[in-house]
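Please open the model in your viewer and keep the selection panel at hand. The stops below go from one side chain to the core and then to a helix.

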Amino acid sequence: MARCLLVTAILVVGLLSGCGSTPVNLYSDNTMKKKEYNGIKAYKKGLYEQAFYDLKEPAALGYKSAQYTLAFMFLKGQYLEQSTKLGMGWLGVAKEAGVENWSAQYDAFYSAATTQQKQQIDQTVALYITQFGVKAQNMTCRRSTSPRRTFGEVKIDCTKHDGSVTEHDIQTIE
């Protein structure tokens, strides 16, 4: 029995340490990009429940267009309970992408908030950046330069890098 446990322990240690292997990703970057695309497509069609289920995982993993869309689902109360605090949290972390229009929208909403709301928004944005931001999720995001984009439509291409990822649940109620 002791010998069996020793052999099992050696096998487990060998499998966990590997031969110079990198941590295993439990998701596929292409799968997340497809979920993000499908979620935005569902959102534009008014299929908010489907949009939420497609967008929540990529948003939690740092994909900026998913975060941006989720922000407006909270701000407008589309499928989710309307929440300025949670919507602004998502919009605040999405604006890490550097899209001028997103930052301008955030600034306009923020300037209309009360002092108490601003404090809550600041706390939520800070928390979301530590959980869902580009550094926290080991992401690189860049703006698409495709000339075929529709006027006013922005495409942000985010890519995960190798390394460990901490998944955080998305809070849906304040």
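Which side chain is joined to that of Gln78 by a polar contact? Select Gln78 in this predicted model, and then display Tyr48, since the side chains of these two residues are joined by a polar contact of 3.2 Å. Gln78 lies in the loop between α4 (64-76) and α5 (84-94), and it counts as buried because its relative accessibility is 13%, which falls under the 20% cut-off. Setting aside neighbours within four places in sequence, the residues in contact with Gln78 are Tyr43, Tyr48, Phe72 and Met73.

Keep Phe72 and Met73 selected and add Leu70, Trp90 and Leu91: within the largest nonpolar core, which has 36 residues, these five touch the most other members. Two or more residues of this core are given by each of α2 (29-44), α3 (48-60), α4, α5, α6 (100-112) and α7 (115-132), and α4 provides the largest share, eight residues. Centre the view on Leu70 next, and, with residues up to four places away in sequence not counted, you will find it touching Phe52, Ala59, Leu80, Trp90 and Ile170.

From Trp90, extend the selection to the whole of α5, where nine of the 11 residues are buried, so that this helix is largely enclosed by the rest of the structure. The buried residues of α5 include Leu86, Met88, Trp90, Leu91 and Val93, and what covers the buried residues of this helix includes α3, α4, α6 and α7. Finish at the start of α5, where a side-chain oxygen of Ser83 comes to within 3.0 Å of the backbone nitrogen of Leu86.

Notes. Residues numbered from 1 in each chain as written. Predicted model: local features only at pLDDT ≥ 70, side-chain atom pairs only at ≥ 80, totals over all residues. Heavy atoms only, no water. Helix = DSSP H or I, 4+ residues; strand = E, 2+ residues; numbered from the N terminus. Buried < 20%, exposed > 50% of the residue type's maximum accessible area, 1.4 Å probe, protein only. Polar contact = N/O pair within 3.5 Å; in protein donor to acceptor, adjacent residues only side chain to side chain. Contact = heavy atoms within 4.5 Å. Core = buried A, V, L, I, M, F, W, Y, C linked by side-chain atoms within 4.5 Å.
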